[in-house]
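Me: Please take a close look at a single part of this model and walk me through how the pieces fit. Then work outward to the spaces and side chains elsewhere. Keep it brisk.

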Amino acid sequence: MQTFENYTYERPDMPAEKEKFNALLNKFKEASSYKEATEAIEAINKRRNTLATMFNLVYIRASIDTNDAYYQKERDFFDEVSPEISEMATAFYKELVSSPYREELENQWGSQLFQIADYQIKSFSPEVMNLLQEENKLSSSYSKLVASAEVEFQGGTYTLAQLGPFAEHKDRAVRKEAMNASAGFFSEHADKFDEIYDKLVKVRHEIAVKLGYKNFVELGYVRMQRIDYNAEMVDVFRKQVRDVIVPLASKLYKKQAERIGVDKLKFYDVNFDFKTGNATPKGSPEWIIENGKQMYKELSDETNEFFQFMLDRNLMDLEAKKGKEAGGYCTLIEDYQAPFIFANFNGTSGDIDVLTHEAGHAFQAYSSRNIGVPEYLFPTYESAEIHSMSMEFFTWPWMELFFKEDTEKYKYAHLASGLHFIPYGVAVDEFQHLVYENPEWTPDERKQAWKKLEETYLPHIDYDGNAYLEAGSYWQRQGHIYDVPFYYIDYTLAQICAFQFWKKSREDQEKAWGDYLHLCKLGGSKSFLGLVEAANLRSPFEQGTVEDTVAVIEEWLESVDDKAL
Ligand SMILES: [Zn+2]
């Protein structure tokens, strides 16, 4: 059996690729029957999958070791050619939507593919190719700068992920020092972070205008493939968050301050949940994975098969290492039909979230790997986060395996942090709307806007004199803002859906799991609201969904004697 290390990367010869692609595209255009047309599409998709495989192998290997010169060079290569790959996809989509066999094709594959094709066409023109290349380079330079962080702390050097446990340390002075140290890295490079973002905003605005949009907001939605909702609906959702969740979150923060015995919560207290210390996994990374194996074996036959597949092929890179990029993600290596999980284990409860959250993404990708249409392998982002965030809840009955005596602490903090996250998430979203509606803003004006949003959505925030953070700079550590504009509301919409699965799984685990499995198998074959409906969930945009969903969570949190934990 082939393992990840042996998956072969070869730099694609772009001129040759384009020639082969164009020949196949001609075959599709000239197809004299539906059968010929589908055969041509399948051949085109095979080539597209192989290109995507090379792209993914490069990005995975480059993110695992940013000091690996070979894969850094290959990533630069892909930054350079990925707009050309987009151009090929767009050419294919243009033929697809105007195909004489469209009706039959839609009957076979559903309309989602055609919606995706329309959106891709609307987001690209050869005219913006150079600007897209520029954009890619800028966002890679952000990732590299963050990955380069080597923070001096208590006589050692740490990556940002490795500082994580100190942000939850029992000793308040240690937490403070650790949080100030990690903010210190961003503050030291603040000018660079300002400059990269300023250039990104301007280049994105220019792309949008060239493509015929007023500003980047609308293009951002098109790029994110938001097919059945728009900025007005998101605005209504943010209002519900403001009215319902912000006051509840403030109440929970107050309880937290009492629980950990401080007068007022400072920013370095927010991650510290219990006076006796946060819930932590009770063993090494190997032990966590062993327990993960047992958990997925007991959860269902499908998850058992999936997790064994991941283990057998070394499809997880989990431990934090120097030179490794920050964060966590899951992707799919198309030609091997293999999901891949990337994470930075650091000994906190976040490690278990990786095993449930990222594994939720991977499980969806695995469940729909035979779906036949490359566009359907992953759903759009807000839908994809339903799979991952809901898996965090479906695995609750096994949390004792990892947390032992800390299990109740984990569960309480997990639900509370889900709620706390939503106001932050919508603030990041509103920030981006403001930034792209006002492309002429200076870095300082952007910071002022962020500061105001913090007052609205995160009124508990107290930066305790940290000048960099008090100036409205916190968002600079939120990679999405740089890398994938408007990718953030997704997490908050999905969290509302995942909360609904949490409730359902407690009422009837078997039925809830059935709905979830169905959702996973659908992959990306439907739009967000289509998937929500197929999974028997209520739309987060519907009036009352936020209120009703959150009420159940609040009730559970209230029922816990949190001070005794
Ligand atoms: Zn995710």
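**A sheet and its surroundings**

Reply: Met316 has Ile341 of strand 5 as its bridge partner. Keep in mind that this is a predicted model. That bridge belongs to a pairing between strand 3 and strand 5 (residues 338-345), which run parallel and share 3 bridges. Next, Asp317 sits opposite Phe342 of strand 5.

Now the other partner. Strand 4 and strand 5 run antiparallel, joined by 5 bridges. One of the pairs here is Thr331 with Phe340 of strand 5. The two strands make a hairpin, with 4 residues between them. In the turn, Gln337 has a positive phi of about 45°.

Put the three strands together. The sheet is open, its strand order is 3-5-4, and its pairing is mixed. Strand 3 (316-319) and strand 4 (329-333) are the edge strands. Each has a single partner strand, so one side of each lacks a neighbour in the sheet. From one strand to the next, the twist averages 15°.

How well covered is strand 5? Mostly covered: 8 of its 8 residues are buried. Ala338, Phe340, Phe342 and Asn344 point one way from the strand. Pro339, Ile341, Ala343 and Phe345 point the other way. Both sets are buried. So the bridge partners named above can be placed on these two sides, because Ile341 falls in the second set while Phe340 and Phe342 fall in the first.

A helix packs on this sheet too. Helix 2 lies across strand 3, strand 4 and strand 5. It runs at about 145° to strand 4.

Helix 2 also leads to the largest pocket. Helix 2 (residues 34-64) gives the most to that lining, with 5 residues. The pocket holds about 260 Å³ of space. There are 16 lining residues, and those nearest the centre are Asn45, Asn49, Gln337, Gly372 and Pro374. Gln337 is the hairpin-turn residue with the positive phi. The lining divides by class into 5 nonpolar, 6 polar and 5 charged residues.

A strand 5 residue also appears in the wall of a closed space. The structure holds 7 cavities of 30 Å³ or more. In the second largest, the space is about 70 Å³. Asn344 is one of its lining residues, along with Val146, Ala147, Ala149, Thr159, Leu160, Ala161, Lys321, Lys324, Glu325 and Ala326. Helix 6 (129-147) and helix 7 (160-163) each supply at least two residues of this lining. By class, the lining has 6 nonpolar, 2 polar and 3 charged residues.

Next, the second largest pocket. Its volume is about 210 Å³. At least two lining residues come from each of helix 5 (112-122), helix 10 (216-223) and helix 11 (231-260). Helix 10 has the largest share, 4 residues. Among the lining residues are Tyr119, Lys122, Tyr213, Val217, Glu218, Tyr221 and Val222. Arg226, Tyr229, Asn230, Ala231 and Glu232 also line this pocket. The classes here are 7 nonpolar, 1 polar and 4 charged.

Helix 11 holds another residue to inspect, Lys255. Is Lys255 buried or exposed? Its relative accessibility is 17%, so Lys255 counts as buried; the cut-off is under 20%. Neighbours within four places in sequence aside, Lys255 is in contact with Tyr412, Leu557, Glu558 and Asp562.

Last, a residue in helix 22 (residues 509-522): Tyr516. Tyr516 has 0% relative accessibility and therefore counts as buried. Which residues does Tyr516 touch, not counting those up to four places away in sequence? They are Gly360, Phe363, Ile386, His387, Ser390, Met391, Phe394 and Phe501. For scale, Tyr516 and Val81 are 37 Å apart in space, C-alpha to C-alpha, and 435 residues apart in sequence.

Back to the sheet. Strand 5 pairs in the parallel sense with strand 3 and runs antiparallel to strand 4. Its 8 residues are buried, and helix 2 lies across the three strands.

Technical notes:
Residues numbered from 1 in each chain as written. Predicted model: local features only at pLDDT ≥ 70, side-chain atom pairs only at ≥ 80, totals over all residues. Heavy atoms only, no water. 1 Å grid on protein atoms, 1.4 Å probe; cavity = no way out; pocket = protein on both sides within 12 Å on 5 of 7 lines; lining within 4 Å. Points joined across faces, edges and corners; volume = space filled by probe spheres on them. Nonpolar A, V, L, I, M, F, W, Y, C, P; charged D, E, K, R; others polar. Pairing = 2+ DSSP bridges. Axes fitted to C-alpha atoms, helices over the stretch in contact; angles between N-to-C directions. Contact = heavy atoms within 4.5 Å. Buried < 20%, exposed > 50% of the residue type's maximum accessible area, 1.4 Å probe, protein only.
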